[in-house]
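Trainee: I have this model open and would like a close look at one part of it, the packing between its helices. Could you walk me through that, and then place it in the rest of the chain?

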Amino acid sequence: EGIKKIENNENINAILITGAGRGFCAGADMEGLKKTTKDNNKITPDNDINENLPNEIIGPKIAEHFQTRFGFLATCRKPIIAAINGPCAGIGLVMTLFCDLRFAAEGSKFTTAFSRRGLIAEHGISWILPKLIGHAHAMDILFTGRVFLAEEAYKIGLINNYFPKDNFMQSTLEYVKDLANMSSPRSIAVMKSQIYKAFFQNLNDAAAIGDLEMEKSFLSDDFKEGVNHFMEKRAPK
């Protein structure tokens, strides 16, 4: 609900998600998992899936492909950044993968954990993870459920960057502010949907949509301002 409210607010250019406290997300509650083992014959449907597709005003339509627990993060046209300030495990890790960008505090611990609890790749991680880090790395961290640090997460492409703990949030905010101040909100919205749509397209279809969206961009106020601020050697409005 919070994401939906923000999406139509023109005063907000980006969304930052971080953990409250020393960690980002420790994953599923172990007491809850213990209860599940005692009551494992009852399967309940995922009530978090919203059957009403979001109103897609700009760029290629993608909501039909993302009707999953964390799919709403992809359908939001504003950039969503995960600021991983500490341990990130299980379902918490899955959620960050459906954010657009990921930054972590130096030394932060990551784990899928599923295989070590007798569980499997949930909520679409089997689809998104290989796209981000490749087949071999995805197999490794899913099969083993091992703990790895932010430095390795960066090396394999799971996160965009990592910063020292002392100025982690400040460094992340500097990136976000630059994104908000210098990049066209309209351009980001369209490109985000193009990229997520491309997961389901061949090259010809992706290029055709790109050509169409470029024509629309030429007619936009953001394009005019993008040229004018460059020619006038000033900051963009």
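Mentor: Happy to. Let's start with the whole chain: among contacts with a separation of 6 or more, 66% are between residues 24 or more positions apart. Please keep in mind that this is a predicted model. The chain has eleven helices and seven strands, and 37% of its 237 residues count as buried.

Now to the helices. Two packed helices are described by the angle between their axes and the distance between the axes. Take helix 9 (residues 185–198) and helix 10 (residues 203–218): their axes are 11 Å apart, and the packing angle is about 170°. Angles over 145 degrees count as roughly antiparallel, and therefore helix 9 and helix 10 are described as roughly antiparallel to each other. On the helix 9 side, the contact is made by Arg186, Val190, Gln194 and Lys197, which meet Ile209, Gly210, Glu213, Lys216 and Ser217 of helix 10. Sorted by character, the residues of this contact are two nonpolar, three polar and four charged.

While you are in helix 9, look at Ser193, which lies in this helix. Ser193 has a relative accessibility of 0%, so it counts as buried. What is Ser193 in contact with, once its neighbours within four places in sequence are left aside? The answer is Ile58, Gly59, Pro60, Ile62 and Arg77.

The second pair is helix 5 (125–133) and helix 6 (residues 135–144), whose axes are 7 Å apart and whose packing angle is about 130°. That angle makes helix 5 oblique to helix 6, and the crossing of the two is right-handed. Ile125, Leu129, Pro130 and Ile133 are the helix 5 residues in this contact, and they meet His135, His137, Ala138, Ile141 and Leu142 of helix 6. Here the division is seven nonpolar, two polar and no charged residues. Set that beside the contact of helix 9 with helix 10, where four residues are charged and two are nonpolar.

If you step back along the chain from helix 5, you come to the loop between strand 5 (109–111) and helix 5, and Ala113 is placed in that loop. Most residues other than glycine have a negative phi, and most peptide bonds are trans. Ala113 has a positive phi, near 70°. Is Ala113 buried or exposed? Its relative accessibility is 17%, so Ala113 counts as buried. Lys233 also has a positive phi, near 50°, and is found in the segment after helix 11 (221–231). Unlike Ala113, which is buried, Lys233 is exposed, with a relative accessible area of 75%.

Strand 5 leads us on to the sheets. It belongs to an open sheet of three strands in the order 3-5-6, with mixed pairing. Strand 3 (88–89) and strand 6 (148–149) are at the edges with a single partner strand each, so each has one side without a neighbour in the sheet. Strand 5 and strand 6 run antiparallel and are joined by two bridges. Across from Phe110 stands Phe148 in strand 6.

There is also an open sheet of four strands, in the order 1-2-4-7, with parallel pairing. Its edges are strand 1 and strand 7 (161–163); each has a single partner strand, so one side of each is left without a neighbour in the sheet. On average, neighbouring strands of this sheet are turned by 25° against each other, direction ignored. Four bridges pair strand 1 (residues 15–18) with strand 2 (residues 80–84) in the parallel sense. Within that pairing, Ile15 has Ile80 of strand 2 as its bridge partner, while Leu16 has Ile81.

One last thing to look at in strand 1. In a regular strand the side chains alternate between the two faces of the sheet. In strand 1, Ile15 and Ile17 make up the covered face, whereas Leu16 and Thr18 make up the uncovered one.

Terms used
Residues numbered from 1 in each chain as written. Predicted model: local features only at pLDDT ≥ 70, side-chain atom pairs only at ≥ 80, totals over all residues. Heavy atoms only, no water. Buried < 20%, exposed > 50% of the residue type's maximum accessible area, 1.4 Å probe, protein only. Pairing = 2+ DSSP bridges. Axes fitted to C-alpha atoms, helices over the stretch in contact; angles between N-to-C directions. Parallel < 35°, antiparallel > 145°, perpendicular 65-115°, else oblique. Left-handed = near helix turned anticlockwise from the far one by under 90°. Contact = heavy atoms within 4.5 Å. Nonpolar A, V, L, I, M, F, W, Y, C, P; charged D, E, K, R; others polar.
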